[in-house]
Amino acid sequence: MGFFDKIKKAVLGEKPAEIEKQEQIVEEEIVAESLETPQLEETTEPVIEEITETTISESIKIEEESNQSIEVEEPKQIAEEIKVEVLEPVAEPEPVKVEIEQPKEEHVVAETTVEKYDKGLEKSRKTFGQFMNNLFSNFRMVDDEFFEDLEESLISADVGFETAMRISDELQEEVKLKNVKKQADVQNTIIEKLVEIYEAEGTEENNNLNIQKEGPTIILFVGVNGVGKTTSIGKLAHRYKLEGKKVLLAAADTFRAGAIDQLVVWGDRAGVDVVKHGAGSDPAAVVFDAVEKTKKEDYDILLVDTAGRLQNKVHLMKELEKMKRVIEREYPSAPHEVLLVVDATTGQNAMVQAKEFKDTTDVTGIVLSKLDGTAKGGMVLAIRNELHLPVKLVGLGEKITDLEDFDPNQFVYGLFKDLMEMHED
């Protein structure tokens with residue numbers, strides 16, 4: 001079986017069973033939620049009966065004590081009036097039913113993981129196709145000028161400077177070894193080198209999140225403002241909530257009041273609790289309260305949002321170290337992940353940020369947000385080849401369900417699918 005056939009089999013042959021299982025879980029959750037809502041009207045009758053009986057008994061008791069005659073019709077009329085007054089507001093909760101049912105719209109058309117990767121990498125895939133077309137539009141022979149054009153094209157596709165040089169060097173050796181001269185052969189060799197380098201860097205890479213089997217899993221999120229850090233936390237919280245886990249969020253980015261408010265909104269949307277203090281408070285104090293709550297109330301997952309002020313790396317490093325010490329007092333093996341969120345649309349700027357944070361703290365993995373909105377998906381190659389950091393999660397859309405585990409086979413197929421088909425032709 002050929003190299004590309006293996007990738008295609010891994011992507012298209014093994015995933016559907018898991019996808020159907022995930023979709024079934026989501027559908028069951030939706031049905032369960034919808035069954036819980038129609039409880040409002042059932043509470044009205046017992047309330048009315050209690051009020052009516054109490055009113056009648058009290059009226060009778062008062063009249064007996066005053067030795068006055070008992071007129072049953074009068075209490076009945078009072079009860080009737082009370083009954084009308086109690087029942088009138090019951091019609092108002094109707095809009096609540098509609099509001100509860102609205103989130104179902106997100107799940108009406110459930111996309112498979114393959115479809116999400118295919119759609120999310122569409123722009124990047126076109127970029128690589130255009131890069132190949134431009135490279136070979138004036139192709140005459142494999143000479144020094146061709147390799148210079150190749151390096152420039154790869155860098156413009158955001159695969160990184162070091163990766164571009166490596167591909168160019170290895171391709172030159174391959175061309176000499178195999179005496180490659182035809183355009184189609186050169187093109188196929190470039191594709192193979194891109195995929196081989198990607199695979200070679202990931203042979204020992206663990207793309208899975210370090211979720212604990214016993215005790216809580218604590219994950220720190222770092223990254224500069226505006227990269228989608230808080231959004232990624234909210235989406236991950238929603239996923240774990242659907243899986244039946246008890247999730248807690250900690251708003252430890254106290255530098256900006258907006259960051260706290262945004263995390264609270266995502267907590268409400270995901271249906272999970274949020275620990276927060278006021279703006280400007282000590283981030284470590286927020287983490288301390290969150291860890292205490294996690295321990296006392298048996299939470300399964302604690303996701304911590306942190307500030308990302310690269311302007312003062314020393315202060316940021318001290319802040320993160322202080323938070324880690326607070327966590328380690330209760331859970332020595334935690335934090336179990338330190339995830340750096342980078343915005344895929346920023347290309348090489350994201351690479352610079354990743355390098356800075358890697359030097360500042362012990363980053364264990366990358367969350368690549370907004371991958372669906374960029375043509376710069378090639379930066380994953382640069383992250384893998386130059387930073388040697390595993391990509392753990394990718395944002396493939398705007399919906400709350402569009403944060404996916406990073407799957408190397410899905411990524412390679414989604415990024416190079418058109419070129420692979422060209423290779424087969």
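**Close-up 1. A salt bridge within helix 7 of the predicted model.** K126 and E122 both sit in helix 7 (residues 122-136). They are four residues apart, about one turn of the helix. Their side chains meet in a salt bridge, at 3.5 Å from N to O. K126 counts as exposed, at 55% relative accessibility. E122 counts as partly exposed, at 34%.

**Close-up 2. A salt bridge between strand 8 and helix 6.** The side chains of E404 and K116 meet at 3.0 Å, N to O. E404 belongs to strand 8 (residues 403-405) and K116 to helix 6 (residues 113-120), so the pair ties together parts that are 288 residues apart in sequence. E404 has a relative accessibility of 12%, so it counts as buried. K116 is buried too, with a relative accessible area of 9%. Both residues belong to a network of salt bridges that links K116, K399, D402 and E404. A search of the whole structure finds 17 salt bridges.

**Close-up 3. Strand 5 and its two partner strands.** Strand 5 is mostly covered, with seven of its seven residues buried. In a regular strand, side chains alternate between the two faces of the sheet. Which residues of strand 5 lie on each side? E337, L339, V341 and D343 are on one side, and V338, L340 and V342 are on the other. Both faces are covered, and these residues are all buried. Strand 1 (residues 217-222) runs parallel to strand 5, and four bridges join the two. Here L220 has V338 as its bridge partner. Strand 6 (residues 365-369) also runs parallel to strand 5, joined to it by five bridges. In this pairing, V342 stands opposite L368.

**Close-up 4. A salt bridge at D343 of strand 5.** K370 forms a salt bridge with D343, and the closest N and O atoms are 3.2 Å apart. The pair links distant parts of the chain, 27 residues apart. K370 lies in the loop between strand 6 and helix 16, while D343 lies in strand 5. Are the two partners buried or exposed? D343 is buried, with a relative accessible area of 7%. K370 counts as partly exposed, at 34% relative accessibility. Side chains of opposite charge can pair when their charged atoms come close.

**Close-up 5. A cis peptide bond before strand 5.** The bond from A334 to P335 is cis. Its omega is near -5°. P335 is placed in the loop between helix 14 (313-330) and strand 5 (337-343).

**Close-up 6. Positive phi at D298 and H388.** Phi of D298 is near 55°, a positive value in a residue other than glycine. D298 is in the loop between helix 13 (283-296) and strand 4 (301-306). D298 is exposed, with a relative accessible area of 58%. H388 is not a glycine either, yet its phi is positive, at about 55°. Where does H388 lie? H388 is in the loop between helix 16 (379-387) and strand 7 (391-395). H388 counts as exposed, at 52% relative accessibility.

**Close-up 7. A negative surface patch.** Which residues form the patch? D144, E148, D149 and E152 do. E152 is found in helix 8 (residues 144-156). At 56% relative accessibility, E152 counts as exposed, the cut-off being over 50%.

Terms used
Residues numbered from 1 in each chain as written. Predicted model: local features only at pLDDT ≥ 70, side-chain atom pairs only at ≥ 80, totals over all residues. Heavy atoms only, no water. Buried < 20%, exposed > 50% of the residue type's maximum accessible area, 1.4 Å probe, protein only. Patch = residues over 30% accessible without salt bridge, like charges linked within 9 Å, V, L, I, M, F, W, Y side chains within 5 Å. Areas by Shrake-Rupley, 256 points an atom, 1.4 Å probe, with all protein chains shown as cover. Salt bridge = Lys/Arg side-chain N within 4 Å of Asp/Glu carboxyl O. Lys, Arg positive; Asp, Glu negative; His and termini not counted. Charge placed at Lys NZ, Arg CZ, Asp CG, Glu CD. Pairing = 2+ DSSP bridges.
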